[in-house]
Amino acid sequence: MKTIILYDSQYGNTKKIAQSLADTDKSIKLFSVDQIKLSDLKNIDLLVVGSPTQAGQATVNLLNFFKTIPSNYLSGIKVAAFDTRMNESTLSFFLKILVKIIGYASPKILKKLVSLGGQPLGESGFLVQSQKGPLCDDEFELALDWFKKILKS
Ligand SMILES: Cc1cc2nc3c(=O)[nH]c(=O)nc-3n(C[C@H](O)[C@H](O)[C@H](O)COP(=O)(O)O)c2cc1C
C-alpha cells in the first residue's frame with residue numbers, strides 16, 4: 001500500500017508523531033506541508049494528515065495547501081487525520097469550555113479530505129502537556145495503535 005504522511009508542526013510535537021508513524025514501514029513517505037507537491041498525491045492508496053490544533057483547526061499552512069487540491073483529486077484514496085492538542089485537564093475552566101466550543105483539527109481535516117473525494121478511515125487527537133510540548137506519556141503508543149487500526153481498515 002502506497003502511503004503518505006503529511007504534517008505541519010510549529011513546535012515539533014506533531015512532527016514527532018508523524019515521524020514515528022512513518023518509521024513503522026520503510027515504504028511510507030513523510031512530507032512536511034512545506035515540502036509536499038500536488039503531484040506527490042498521485043497514485044497513492046492512503047493519505048494521513050497530521051496538524052497541531054490551532055484555534056480549533058489545522059494550521060494555516062495546511063489549510064492553504066488544501067485550497068490548492070482540485071475537487072475529487074483524492075478520489076479512490078483512503079484518508080485519515082490526526083492532531084495534537086492541549087491536555088484538557090491542564091486548562092482553566094474557561095479554556096475548557098472554549099476548546100469544547102471551537103473543537104479540534106482532526107475531524108475538520110478529515111471532513112476536508114472527504115470533500116476532496118477521499119474515503120475516510122478515521123481521525124484521532126494526541127495530547128501535549130503544554131503549548132510547546134512535550135507530548136503526554138503514552139501518546140506515541142496510542143498513536144501507533146491508532147495507525148495500526150487505520151492500516152487494517
Ligand atoms: C496559535 C495557537 C493556537 C492553539 N489553539 C489550540 C486550540 O484551539 N486547542 C488546543 O487544544 N490546543 C491549541 N493550541 C496548542 C497546540 O495544539 C499545541 O501547541 C500543539 O499541539 C503543539 O504541536 P506542535 O509541536 O506540532 O506545534 C494552540 C497553539 C497555538 C500556538
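The following exercises, with worked solutions, concern a predicted model.

**Exercise 1. The sheet**

Determine the strand order of the open sheet, and state which strands are its edge strands.

*Solution.*
Step 1. The open sheet consists of five strands in the order β2-β1-β3-β4-β5, and the pairing is parallel.
Step 2. An edge strand pairs on one side only, and this applies to β2 (29-32) and β5 (119-128).
Step 3. On average, neighbouring strands of this sheet are turned by 15 degrees against each other, direction ignored.
Step 4. For the pair formed by β1 (residues 3-7) and β2, four bridges in the parallel sense are found. Within β2, leucine 30 is the bridge partner of isoleucine 5.

**Exercise 2. Helix α5**

Describe the span of helix α5, list its buried residues, and state what they pack against.

*Solution.*
Step 1. Helix α5 covers residues 139-152, which is 14 residues. The distance from its first C-alpha to its last is 20 Å, close to the 20 Å expected at 1.5 Å a residue.
Step 2. A residue is buried if 20 or more other C-beta atoms lie within 10 Å of its own. In α5 the buried residues are Glu139, Ala143, Trp146, Phe147 and Ile150.
Step 3. These residues lie on the same side of α5 because they cover an arc of only 100 degrees around the axis.
Step 4. Exposed residues on the other side of α5 are Glu141, Asp145, Lys148 and Lys152.
Step 5. The packing partners of the buried residues of α5 are α1 (13-22), β3 (46-52), β4 (78-86) and β5.

**Exercise 3. The cis peptide bond**

Identify the residues that a cis peptide bond joins, and locate proline 134.

*Solution.*
Step 1. Glycine 133 and proline 134 are joined by a cis peptide bond, with omega about 0 degrees.
Step 2. Proline 134 belongs to the loop between β5 and α5.

**Exercise 4. Positive phi values**

For alanine 55 and asparagine 72, give the value of phi, and decide whether each residue is buried or exposed.

*Solution.*
Step 1. Alanine 55, a residue other than glycine, has a positive phi near 50 degrees. Its place is the loop between β3 and α2 (60-67).
Step 2. The cut-off for an exposed residue is 12 or fewer other C-beta atoms within 10 Å. Alanine 55 has 11 C-beta neighbours inside 10 Å and therefore counts as exposed.
Step 3. For asparagine 72, also a residue other than glycine, phi is positive and near 65 degrees. Asparagine 72 lies in the loop between α2 and β4.
Step 4. Asparagine 72 is exposed, because 11 other C-beta atoms are within 10 Å.

Key:
Residues are numbered from 1 along each chain as its sequence is written. This is a predicted model: local features need pLDDT of at least 70, side-chain atom pairs count only at pLDDT 80 or more; totals for chains, interfaces and linings use all residues. Two strands pair if DSSP finds at least two bridges between them. Helices (H or I, at least four residues) and strands (E, at least two) are DSSP runs, numbered from the N terminus. Axes are lines fitted to C-alpha atoms, for helices over the stretch in contact, and angles run from 0 to 180 degrees between N-to-C directions. The expected span of a helix is 1.5 Å times one less than its number of residues. The arc is that of the directions from the helix axis to the C-beta atoms. Two residues are in contact if their C-beta atoms, placed from the backbone, lie within 7 Å.
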